[in-house]
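The report below describes a single protein chain in terms of its fold, its cores, its salt bridges and its backbone details. It is best read with the sequence and the coordinates side by side.

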Amino acid sequence: MVTLSPSALLLLAAQISVLTYHVGVLIYLAPIPVRSLKRWAPLLIQDSIWAVILALSFSALIYLSDLIASWSGYTLQDIVLYAKSRMSAILTAQFILKMLMMMTSIFTSAFNKFFSFFLIPLTLNFYALISAFTIIIIITSIVISTKAALAALGIVLMSLPFRLGRNAGASLLAFSLVANAMLPYLPIWISFFYQGLIQGYTNIPESSHVSLYKTYNLWGTVYGESNTYPHGGLILFNNTDLGTTFIFRIQQDGSYYIIYPESIPNGTYIIYIEYLGAKIVNQGLINIPQDLRLTYDLDEAPYRLDIHLKNYVFLNPDIIFFSQDCSSVGVNQDTDSVSAITCTLSANYVHIDLYVPGTCSIEFETKGGDVYTSAVSSKRWRGIEVRIYRFEVYGNIGYPITIEITKKGTCYVNWDKIVAGKIIQQTSSNEGFNFSTLMYLIVYMTALPIAVFSFLTIMSLVVVGVARALGASYSRVIFEL
């Protein structure tokens, strides 16, 4: 079996382009007074130059197509797995349906006919779903294995003299580039399609609990003012759509890591940080994946989301400083025994909270301001005792004060002993398979093949448009729906 590599096909395209160019020049020079033949001369020369340009920019075109595809966060292999997983679920459901039909056959013929008539739409829907995902798997598999070869073959056809393969070649090149770029967006299109369907179909909150979510792996660094960061603690992602809170540990480097199988679904989140009894709410809502950065810093977690906690300073070894009355905060010194913090006052009175482990005690003094009240309290937090120092300092607005903290005792925390669950789910009191849920599942099953075929239709239209832009006078559709 002979296979042509993309490089061999591009070399062939270049050679045919030279032939096409010389044919055009020959027609120019030939003393043949036939206008219908003479008009081919400039067209052949233009076509040969255009084919050479495409051959030289082949790598750039493939790279651009791959780049657009990478923005989706999926790969073509992911799409094949995505379609296969849904095909598996559909075939399982179809098998169960066939078993039900066999079981009903033992009843009276009237009941069996009624039940079979009731299941006809569902059976047809299963066939539509199987056809839709089969097409996706076939097209994606072809693109994975032969996208470069198909694109190079398209350039070869476009370089043929007298535009014998221009339409087919442009269509083939457009298909390989567009399919490679667009197919990774299929899950996003289906999710977008269903989000609009949910909003249009019902306002019932329970509809968001249907499994329409894509999960994401991400990581990020939690940091406070003056680029300080915690050495432990917990970060909580509260999904407002699902009413579910996902809890993860903050590591010693101040970062958290959400890696499979503890991935989290897309949606709107409120993010909390728990640190020595202080529950810190991150300002603003976070939308996943829109607010994530695709960095590929970690193979297991390609997305990144850093969390900045305003008005908080993390001190060594495990102490947190909080004040809302500082327009700016700086750390002049921070060791295990002494910390010095500079606070530029935004008010005459500065309220300061210090959270320290129960085995640690602190003494503090100020420069540039006077302490006029202080208090100490204790609380239990996830298995450890915490001391909370609250004091207020009087100073002048716009001027800095320096707070020097002297630490005594053991100010370290064994973060591995902090009690934490994995997922807290708030279930609705109205659970159960009700009529609304049944109706939504019917709509879901009906709309899924529509979503897939609509995506393929849009992709075919883009293929036609790109083929025309490449020079096809009549673009040929590679696949018909």
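Helices, as counted here, are DSSP runs of H or I with at least four residues, and strands are runs of E with at least two, both numbered from the N terminus. On that basis the protein chain has nine helices and 22 strands. The model is a predicted one, and every value that follows is computed from it.

**Overall figures**

Of the 481 residues of the protein chain, 45% count as buried, and the accessible surface comes to about 24,900 Å², of which 62% belongs to carbon and sulfur atoms. Among the contacts with a separation of 6 or more, 72% are between residues 24 or more positions apart.

**Two nonpolar cores**

In soluble globular proteins, nonpolar side chains tend to be buried together. In this chain the largest nonpolar core has 52 residues, and the members that touch the most other members are Phe133, Ile136, Ile155, Leu173, Leu183 and Met459. At least two residues of this core come from each of helix H1 (6–29), helix H3 (40–56), helix H4 (58–70), H5, helix H6 (109–158), helix H7 (166–182), helix H8 (186–201) and helix H9 (435–470). H6 gives the most to this core, with 15 residues. The surroundings of Ile155 illustrate the packing: leaving aside residues up to four places away in sequence, Ile155 touches Leu10, Ala13, Ala51, Leu54, Ala55, Phe58 and Leu173. A second core, separate from that one, has 41 residues and includes Ile264, Tyr272, Ile288 and Tyr303.

Nonpolar side chains also appear on the surface, where Phe95, Ile96, Met99 and Met102 make a patch of about 430 Å². Met102 belongs to helix H5 (residues 76–104), and it counts as exposed because its relative accessibility is 55%, whereas the cut-off for that class is over 50%.

**Salt bridges**

The structure holds nine salt bridges, and three of them are listed here.

| Pair | N to O distance |
|---|---|
| Asp47 and Arg166 | 3.0 Å |
| Asp306 and Arg293 | 3.5 Å |
| Lys407 and Asp334 | 3.6 Å |

The pair of Asp47 in helix H3 and Arg166 in helix H7 links distant parts of the chain, 119 residues apart. Both Asp47 and Arg166 are buried, and together with Arg163 they are linked in a network of salt bridges.

Asp306 lies in the loop between strand S11 (303–304) and S12 while Arg293 lies in strand S10, so this pair ties together parts that are 13 residues apart in sequence. Asp306 is partly exposed, with a relative accessible area of 29%, and Arg293 is also classed as partly exposed, at 45%.

Because Lys407 is in strand S21 (residues 400–409) and Asp334 in strand S15 (residues 326–334), their salt bridge ties together parts that are 73 residues apart in sequence. Lys407 counts as buried at 7% relative accessibility, while Asp334 is partly exposed at 23%.

**Strands and the loops beside them**

A hairpin joins S13 to S14 through three residues. Strand S14 (residues 319–322) runs antiparallel to S13, and four bridges join the two; within this pairing, Tyr312 stands opposite Phe322 in S14. From strand S13 (residues 312–315), Tyr312 and Phe314 point one way and Val313 and Leu315 the other, yet all are buried. The loop between S13 and S14 contains Pro317, and the peptide bond from Asn316 to Pro317 is cis, with omega near -10°. In the loop between strand S12 (307–308) and S13, Asn311 has a positive phi of about 75° although it is not a glycine.

A further cis peptide bond joins Ile288 and Pro289, with omega about 20°; Pro289 is in the loop between strand S9 (286–288) and strand S10 (293–294). Arg382, in the loop between strand S19 (370–381) and strand S20 (384–394), has a positive phi near 50° and counts as partly exposed at 25% relative accessibility.

What does Phe364 touch, not counting residues up to four places away in sequence? Its contacts are Val371, Ser374, Phe391, Glu404 and Ile405. Phe364 is found in strand S18 (residues 360–367) and is partly exposed, with a relative accessible area of 24%. Phe364 and Phe391 are 27 residues apart in sequence, with 9.9 Å between their C-alpha atoms.

Key: Residues are numbered from 1 along each chain as its sequence is written. This is a predicted model: local features need pLDDT of at least 70, side-chain atom pairs count only at pLDDT 80 or more; totals for chains, interfaces and linings use all residues. Side-chain values use heavy atoms; hydrogens and water are left out. Patches are made of residues with over 30% relative accessible area and no salt bridge: like charges are joined within 9 Å, nonpolar side chains (Val, Leu, Ile, Met, Phe, Trp, Tyr) within 5 Å. Accessible areas come from the Shrake-Rupley method with a 1.4 Å probe; for residues, only the protein chains shown count as cover. A salt bridge is a side-chain nitrogen of Lys or Arg within 4 Å of a carboxyl oxygen of Asp or Glu. Buried means under 20% relative accessible area, exposed over 50%, partly exposed in between (1.4 Å probe, protein chains only). Two strands pair if DSSP finds at least two bridges between them. A nonpolar core is a set of buried Ala, Val, Leu, Ile, Met, Phe, Trp, Tyr and Cys residues joined through side-chain atoms within 4.5 Å. Contact means heavy atoms within 4.5 Å.
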